[in-house]
Amino acid sequence: MARDLTLGQYYPVESFVHKLDPRVKFIIMTMYIVGVFLVKHMYGFIVVAAFAILSTLISRVPILSVLKSLKGILFIVIFTAILNVFFHKEGRVYFTIGKLLVTEGGVFFAVKMALRLILLVLGTTLLTYTTTPMALTDGLERLMTPLSWIKIPVHDIAIIMSISLRFIPILMEEVQKIMKAQRARGAEFDKGGLIKRAKALLPILIPLFISAFRRADELALALDARCYNATPNRTRYKKLKFTYRDLIALLSGISYIVLIVAINHRFWIPDLIYSIPFV
Amino acid sequence: MSIKVKNLSYTYSPKTPYEHKALEDITFTIEEGETVGIIGSTGSGKSTLVQHFNALIKLQSGDLVVNGIDLAAKKINYKELRRDIGMLFQYPEYQLFEDTVAKDVAFGPKNFGYKKEEIDLLVKEAITLVGLDYEEVKDKSPFELSGGEKRRVAIAGVIASRPKVLVLDEPTAGLDPVGKREILELIHKLKSAYVKTVIMISHNMDEIAEFTDRVIVLNDKYLIHSTTPDNLFRDENALNGTGLRYPHVVRIQNLLRENGLDINLEKFTVDSLINEIEKEVFKKDN
């Protein structure tokens, strides 16, 4: 079923994080991502990881289902780590494989890059786990409002985004349905080599495209029939409100960035901890 | 060729917030040669139940033996099972994909390993059986055809593999009254000449009353009746709480009875209703 989709699925529980204003969540997400790329020292990584793990705990989304989102990027993480190990040469040489050197700096660099990728995905997954697609686009639209002053069609972009997000589960369901129908006629999707498998997808893709176009047509008609023209001064069903919760969240986001910058520049942090070898 | 279901239960997305029980402790048997209707309001588990028959949904708990194949077993010959249990889904015309009608109908037989010469014969036979002119449609794109014709092609695509059991999930949904009638008569024809057992999900009680030998009623994941349409629709309390309504002919009969016309239908068809009314009215005249 489409419900089994793991990546970027809304996880319906009540929590502090779920109740946050989507705009605030976007801002904090941006801070978080900036933090992920700013950190230099291993202690910084601990701060980033702690921030991600704490947010997950507060959100009451099971850590396991957030971790599941890593399955998709596992290959990229391993691949980049291997490349980094071999092509980043710095410091003590551990050993050599033919012409390739494995150095201390290379290993640290590889580990740091892998951690960055993992933390990046964990954080962004949490955003989609705790925010409905509608709230997501609504928040994004409000944040992008300044862009409309320079004639960028913000509302159009937002409506396109929300429609695409809205259609992902519908199309997934459609795929499941078509797959079942073709399997009932003896089709197999998990047998044979690459070419055979690619060919086996045709009986799914063609009906899927046809139905996607049909749905798009129907939707366009329905929008037209209700005189929809994406005017910027539409009123809203759900007004976004900035509450004390959002303030707390924003403050913790700011302290997170400050802490990372401080660790990077050794402000306030006792010199002692930098002498521990793995930093 | 029978389908034996015992204590079958099924839960969607177990152990997640989306967990949803679809079937609970279902037990019944369908024998060869029967035409069985499965009814129940939306979400009562009808589609989930029938998709167990050809292992599109994996058995979670309970026993299910189809055509002698035990679906609780580790190794199942899916090809044989799915060839024997032909399944037509809701709006089957949306599953057509080949560039010609003949190729689309041949998809099933090809997958099930029929030989080239056999396939040509099966395709021709199936297209003719569903009431289309083979020579006229075989090279047409399925997308050029009308809605009713597309549905016929989809049915041909299922029966071309020569299934022993035909499972139909709301075969008449979305068709106009004439199209509905034609599809039902086609199913009736297939039943007497081609497939041995027919299982049909329907929301239309008149179809069920007229075309099936037995009705299985699901209500909110439980099986509440498995009986003949005659017994079911004569029992005035049988469908209480299910959200289902009695067939029109039964409701008309009951209304007439309440108002003093003493009729008793032998068969739940419109013709039978008209006959009974005529008989009674002429009796009164004399």
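These are my notebook entries on a sheet in chain B, a lysine beside it, and an aspartate in chain A, all read from a predicted model.

**Entry 1, the sheet of chain B.** I began with the strand order and found an open sheet of 6 strands in chain B, arranged S6-S7-S8-S3-S9-S10 with mixed pairing. I noted strand S6 (85-88) and strand S10 (222-227) as the edge strands, each of which pairs on one side only. Neighbouring strands of this sheet are turned against each other by 15 degrees on average, with direction ignored.

**Entry 2, two pairings within the sheet.** I looked up how strand S3 (residues 35-39) meets strand S8 (residues 197-201) in chain B, and found that they run parallel and are joined by 4 bridges; here Thr35(B) stands opposite Val198(B) in S8(B). For S9(B) and S10(B) I recorded antiparallel pairing over 5 bridges, with Val215(B) opposite Thr227(B) of S10(B). These two strands form a hairpin with 2 residues between them, in which Asp220(B) takes a positive phi near 45 degrees.

**Entry 3, helices across the sheet.** I then turned to the helices, and noted that helix H1 (residues 46-53) of chain B lies across S3, S6, strand S7 (165-169), S8 and strand S9 (214-219) of that chain, running at about 155 degrees to S8(B). H7(B) lies across S3, S7 and S8 of chain B, and for this helix, too, I have an angle of about 155 degrees to S8(B).

**Entry 4, Lys191(B).** Which helix holds Lys191(B)? I placed this lysine in helix H7 of chain B, which spans residues 177-193. I looked for a charged partner, but Lys191(B) is buried and has no salt bridge, the nearest side chain of opposite charge being that of Asp213(B), 5.3 Å away. What I did find is the backbone oxygen of Lys196(B) at 3.4 Å from a polar atom of the Lys191(B) side chain. Leaving out residues up to four places away in sequence, I listed Gly33(B), Glu34(B), Thr35(B), Lys196(B), Thr197(B) and Val198(B) as the residues that Lys191(B) touches. Among them are Thr35(B) and Val198(B), which I had already recorded as standing opposite each other.

**Entry 5, Asp246(A).** In chain A I looked up Asp246(A), which sits in helix H10 (residues 244-265). Is Asp246(A) buried or exposed? I entered Asp246(A) as buried, because its relative accessibility is 1%, and the cut-off for buried is under 20%. Beyond residues up to four places away in sequence, Asp246(A) touches Leu20(A), Asp21(A), Val24(A) and Lys241(A). I also noted that the C-alpha atoms of Asp246(A) and Ile263(A), 17 residues apart along the chain, are separated by 26 Å.

Notes: Residues numbered from 1 in each chain as written. Chains lettered and ligands numbered in written order. Predicted model: local features only at pLDDT ≥ 70, side-chain atom pairs only at ≥ 80, totals over all residues. Heavy atoms only, no water. Buried < 20%, exposed > 50% of the residue type's maximum accessible area, 1.4 Å probe, protein only. Lys, Arg positive; Asp, Glu negative; His and termini not counted. Salt bridge = Lys/Arg side-chain N within 4 Å of Asp/Glu carboxyl O. Polar contact = N/O pair within 3.5 Å; in protein donor to acceptor, adjacent residues only side chain to side chain. Contact = heavy atoms within 4.5 Å. Pairing = 2+ DSSP bridges. Axes fitted to C-alpha atoms, helices over the stretch in contact; angles between N-to-C directions.
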